[in-house]
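Please open the model in your viewer and keep the selection panel at hand. The tour below moves from one selection to the next and says, at each stop, what is to be found there.

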Amino acid sequence: MQQHTILLVDDEAGILDIYREVVEEEGHTVLTAGNGREALDMLAAQPVDLVVSDIRMPVLDGHAMLDEMRRRGMDADVIFLTGYATVDSAVQCLSRGASDYLEKPFNVFKFRDKVHAVLNKRQQRRAQLDAPDALGLVHNLREAIAAHSDFKSIVRELLSHTRKVFDPDGLALYLVGSKGAAPSPKVVWGEAFRGGCDWFEAAAPHLFTSDDPALFSPGELTAYVPDCPSAVSVMCAPVAMGRGGYLVVMRSCESRAYTSANLSLLALFAMHGTSAFETLRVGRKMQEMNLEIITSHVASVEAKDIYTKGHSERVGQYAVLLGRQMGLPERELELLRFAGILHDVGKIGIPDEILNKAGRLTEDEFARMRQHPAMGRDIVSKISSFKELVPIIYHHHERVDGAGYPDGLIGDSIPFLARLISVVDGFEAMTSDRSYQKARSVEDTVSILRGNAGTQWDAAIVDAWCDVVHKEFLFLPN
Ligand SMILES: [Fe+2]
């Protein structure tokens, strides 16, 4: 640990000697003062990292000394020694801006631990907030956000980086839920909010009025809410996520109050969160538009054959049910929905007479039919926002025993989502009327799926789908 300057303040010389011995052993520089007034003179003469002080002293007591320190902008941490450590006196020490307190009688181990903990925290705080490398911190956030493509993960990264960098006692994200409504808490974290925070709820409407980032220094919020502890500092930065909202960090101790430099950094964090969200929203919008266009192609494929009408839409719905049963994240459920709708889009290139043939296909006709996954891949790969769908569409007719097409892949080498689509595609096809067969019952279809689990289909996925079928489908007799 780095060496620090520590000022020990007590009117009993004997006690000062004991403190001195302990902190000098740790290699710190030690100064001593006999009362609050002497301590202030020494603090004015040189930089000090930590003051360890008695409360009851002649001339100027500990509380008055601390008030004067803060008034003069002296930022040393303070540990008070109190002979009557009730909850009230402890709260009073901390709310005045002390970093910690230590109950008398003197215990060397507790004393050393408290000094160590307070100095450690000070060191970390300085390393983070005084770092000139704000760009580095923003860069780290941007990199972390870029690894995700869903709203929840972006919010999680934004909040976890904000917590690490700003070391708050309270952190919150307030978002506007419905048009015209006031922002309400979406995420609330930290000691400052524990057990509810009525004064903050009362202050919120006054905090969330500006489109600019705002810093409320200790004492400022009491103008809006008299109950607000005077040592609290709060920073709010607007985030344009959905209908808008605010990223909020709070510190409860005056000696750790946020500064305008901290606010600039928080504003950058909020801007990056906003921009990631906007990129995601625009990307999704484009994807939906592309999906609409391609869905109209799928409709024209299905229009060629009345038996397949609605097949793709249902495969998409079933795939989402199955994905949810298997605990997949929202992003993959969305991919499954799109892949279900688009899996047979390549059939647009297959002649009508093959698609509508009532009897068995000849070898040549079947060879043509087997080209539809590759044609689907060629259509979908032209749209960059659909690139994740390409392997699912291309491999949806593979079999886990390697006897499928187009590449004859085996087992786990077939993309997982393609294996999943294959099960619901088979289920939907068997339970619908086709030009070449009448619809089977759900019960028969389930036994066919089970009978071919491990050869045509992935056994674990068939198991999961059968669970969905038992929950969602009625077993009707033929
Ligand atoms: Fe297909």
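Along the chain, the donors of the iron ion follow the spacing D-x27-H-x23-H-H, where donors are N, O and S atoms within 2.8 Å of the metal (3.2 Å for Na, K and Ca), and where water is not among the atoms, so sites may look incomplete. Select the iron ion together with Asp-344, His-372, His-396 and His-397, and you will see it coordinated by OD of Asp-344 and by NE2 of each of the three histidines, at 2.1 to 2.4 Å. Before you go on, please keep in mind that this is a predicted model, in which local features need pLDDT of at least 70 and side-chain atom pairs count only at pLDDT 80 or more, while totals for chains, interfaces and linings use all residues. Residues are numbered from 1 along each chain as its sequence is written, and side-chain values use heavy atoms, with hydrogens and water left out.

What is the geometry of the site of the iron ion? The site is irregular, with angles of 84 to 170° among its four donor atoms; four donors count as tetrahedral if all angles lie between 85 and 135 degrees, four count as square planar and six as octahedral if opposite donors are over 155 degrees apart and all others between 65 and 115, and anything else is irregular.

Now colour by secondary structure; helices (H or I, at least four residues) and strands (E, at least two) are DSSP runs, numbered from the N terminus. Asp-344 lies in the loop between helix H11 (330-342) and helix H12 (352-355), and His-372 lies in helix H14 (residues 372-380), so the pair ties together parts that are 28 residues apart in sequence. Asp-344 is buried, with a relative accessible area of 6%, and His-372 is buried as well, at 1%; buried means under 20% relative accessible area, exposed over 50%, and partly exposed in between (1.4 Å probe, protein chains only).

For the next stop, select Gly-34, which is 310 residues from Asp-344 in sequence and 86 Å from Asp-344 in space, C-alpha to C-alpha. Gly-34 lies in the loop between S2 and helix H2 (36-45), and is partly exposed, with a relative accessible area of 21%. Not counting residues up to four places away in sequence, Gly-34 touches Asp-10, Asp-11 and Met-57, contact meaning heavy atoms within 4.5 Å.

From here, select the parallel sheet, an open one in which five strands stand in the order S2-S1-S3-S4-S5; two strands pair if DSSP finds at least two bridges between them. Its edge strands, each pairing on one side only, are strand S2 (29-33) and strand S5 (100-103). Strand S3 (residues 50-54) and strand S4 (residues 77-82) pair in the parallel sense over five bridges, and the bridge partner of Val-51 in S4 is Val-78. Helix H3 (residues 62-71) packs on the sheet, touching S3 and S4, and its direction makes about 170° with that of S4; axes are lines fitted to C-alpha atoms, for helices over the stretch in contact, and angles run from 0 to 180 degrees between N-to-C directions. In the loop between S3 and H3, select Val-59, which has a positive phi of about 70° although it is not a glycine.

Next comes the antiparallel sheet, also open, with five strands in the order S7-S6-S10-S9-S8. Strand S7 (184-189) and strand S8 (214-216) are the edge strands, each pairing on one side only. Seven bridges join strand S9 (residues 233-239) to strand S10 (residues 245-251), which run antiparallel, and Cys-236 has Val-248 as its bridge partner in S10. H9 packs on this sheet, touching S8, S9 and S10, and its direction makes about 30° with that of S9.

Within helix H9 (residues 260-303), select Thr-274. Thr-274 is buried, with a relative accessible area of 15%, and its side chain reaches the backbone nitrogen of Ala-240 at 3.0 Å.

As a last selection, take Asp-169, found in the loop between helix H7 (151-166) and strand S6 (170-175). Asp-169 is buried, with a relative accessible area of 18%.

Key: Polar contact = N/O pair within 3.5 Å; in protein donor to acceptor, adjacent residues only side chain to side chain.
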